[in-house]
Amino acid sequence: MPPENKLVFFLHSNYDRFTPSQKRIARYITQNFDECTFHTIDELAKRCGVNPSTLLRFCRDIGFSGYPQFQKALQKNLMDRLNYAEHSDYLSRPMLAILNEKGNSEPAVKALQAEIKCIKELAANLDIERIQKFSKHIIKARRRYCLASKGSFGVGHILYYRLKNIISDTFFLTDSDGGMYDNLIDIKPDDVLIAINGPRYTSRTVKYAQYVYEKKLCPILSITDCQESPLYMISEVSLFYPSASYSFLRSNIGRLALITCILAEVSSHDVESNIKRLESYEEVFDYFNLIY
């Protein structure tokens with residue numbers, strides 16, 4: 001059986017019995033585990049200093065059917081580690097424990113302070129050039145598909161709703177009727193997939209994005225938390241948001257602020273056209289008496 005659940009431990013514990021080329025592979029993977037998780041076989045072989053055929057033989061020698069199964073084991077190990085860290089962090093600070101601490105007053109104020117700290121961190125590390133590059137992909141695309149689920153669902157829907165107000169052909173991928181998978185056959189190379197996901201990473205979002213990447217359907221833009229995110233290695237451009245939590249609820253303030261920055265860049269591209277589009281909405285609102 002392949003060592004799927006404890007791959008890094010397996011490579012460490014069996015290192016001495018490997019051939020010199022296998023040791024190079026094992027050494028690189030264990031030292032650069034997060035980085036190499038989503039490499040193609042050619043990319044990983046080049047970084048390990050071996051031929052792709054050598055890497056393929058190594059995968060089979062340690063019990064995998066081939067490189068795809070070996071890569072999935074790497075990805076599973078990474079997700080298990082990240083989710084364990086997030087879960088442990090969650091369990092160490094449940095809301096009831098915080099509220100029962102002696103001398104703990106005004107939890108709402110402390111929660112707000114955590115939000116303010118998050119915004120300050122975003123401002124201090126804001127990468128304007130990367131946001132502009134991210135926004136240009138959105139503007140140039142034929143269609144824009146927004147993908148988010150679970151804890152990121154609300155944030156993703158806000159991005160979709162605001163984006164479609166200024167750019168047509170913007171869609172939100174929802175699994176309420178399984179329709180998000182039907183969209184896969186309509187995605188073209190000049191479209192763009194905007195994926196939003198953070199700890200604990202949602203498998204639905206990750207697997208959907210991985211499918212788009214593996215099939216080379218269209219470029220992927222991601223809004224996530226760090227380079228260890230499973231979205232980072234498969235994204236054309238990634239934007240990172242800081243996160244903070246005071247209670248069991250993880251803050252969305254960093255993601256929302258980042259989305260506002262993206263929308264500001266996108267809307268500034270063709271101001272006159274955007275204004276006309278928004279004015280058209282007002283005519284619809286007036287006709288149907290939508291505004292109270």
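This briefing walks you through a sheet, two helices that pack on it, and a patch on the surface. Keep in mind that the model is predicted. At its heart for our tour is an open sheet of five strands, paired in parallel.

**The sheet**
- Reading across the sheet, you meet the strands in the order E2-E1-E3-E4-E5.
- Strand E2 (170-173) and strand E5 (237-240) stand at the edges; each has a single partner strand, so one side of each is left without a neighbour in the sheet.
- On average, neighbouring strands of this sheet are turned by 20° against each other, ignoring direction.

**A pair of strands to look at**
- Try finding strand E1 (residues 144-147) and strand E3 (residues 192-196), which pair in the parallel sense over four bridges.
- One place to start is Arg144, whose bridge partner in E3 is Val192.

**Helices on the sheet**
- Helix H9 (residues 128-140) packs on the sheet and touches E1, E3, strand E4 (220-224) and E5.
- The direction of H9 makes about 130° with that of E5.
- Helix H10 (residues 153-166) lies across E1, E2, E3 and E4, and H10 runs at about 165° to E2.

**A nonpolar patch on the surface**
- Now turn to Val284, Tyr287, Phe288, Leu290 and Ile291, which form a nonpolar patch on the surface.
- Together these residues have about 600 Å² of accessible area.
- You can find Ile291 in the segment after helix H14 (271-288).
- Is Ile291 buried or exposed? Its relative accessibility is 56%, and because exposed means over 50%, Ile291 counts as exposed.

Methods:
Residues are numbered from 1 along each chain as its sequence is written. This is a predicted model: local features need pLDDT of at least 70, side-chain atom pairs count only at pLDDT 80 or more; totals for chains, interfaces and linings use all residues. Side-chain values use heavy atoms; hydrogens and water are left out. Two strands pair if DSSP finds at least two bridges between them. Helices (H or I, at least four residues) and strands (E, at least two) are DSSP runs, numbered from the N terminus. Axes are lines fitted to C-alpha atoms, for helices over the stretch in contact, and angles run from 0 to 180 degrees between N-to-C directions. Contact means heavy atoms within 4.5 Å. Patches are made of residues with over 30% relative accessible area and no salt bridge: like charges are joined within 9 Å, nonpolar side chains (Val, Leu, Ile, Met, Phe, Trp, Tyr) within 5 Å. Accessible areas come from the Shrake-Rupley method with a 1.4 Å probe; for residues, only the protein chains shown count as cover. A salt bridge is a side-chain nitrogen of Lys or Arg within 4 Å of a carboxyl oxygen of Asp or Glu. Buried means under 20% relative accessible area, exposed over 50%, partly exposed in between (1.4 Å probe, protein chains only).
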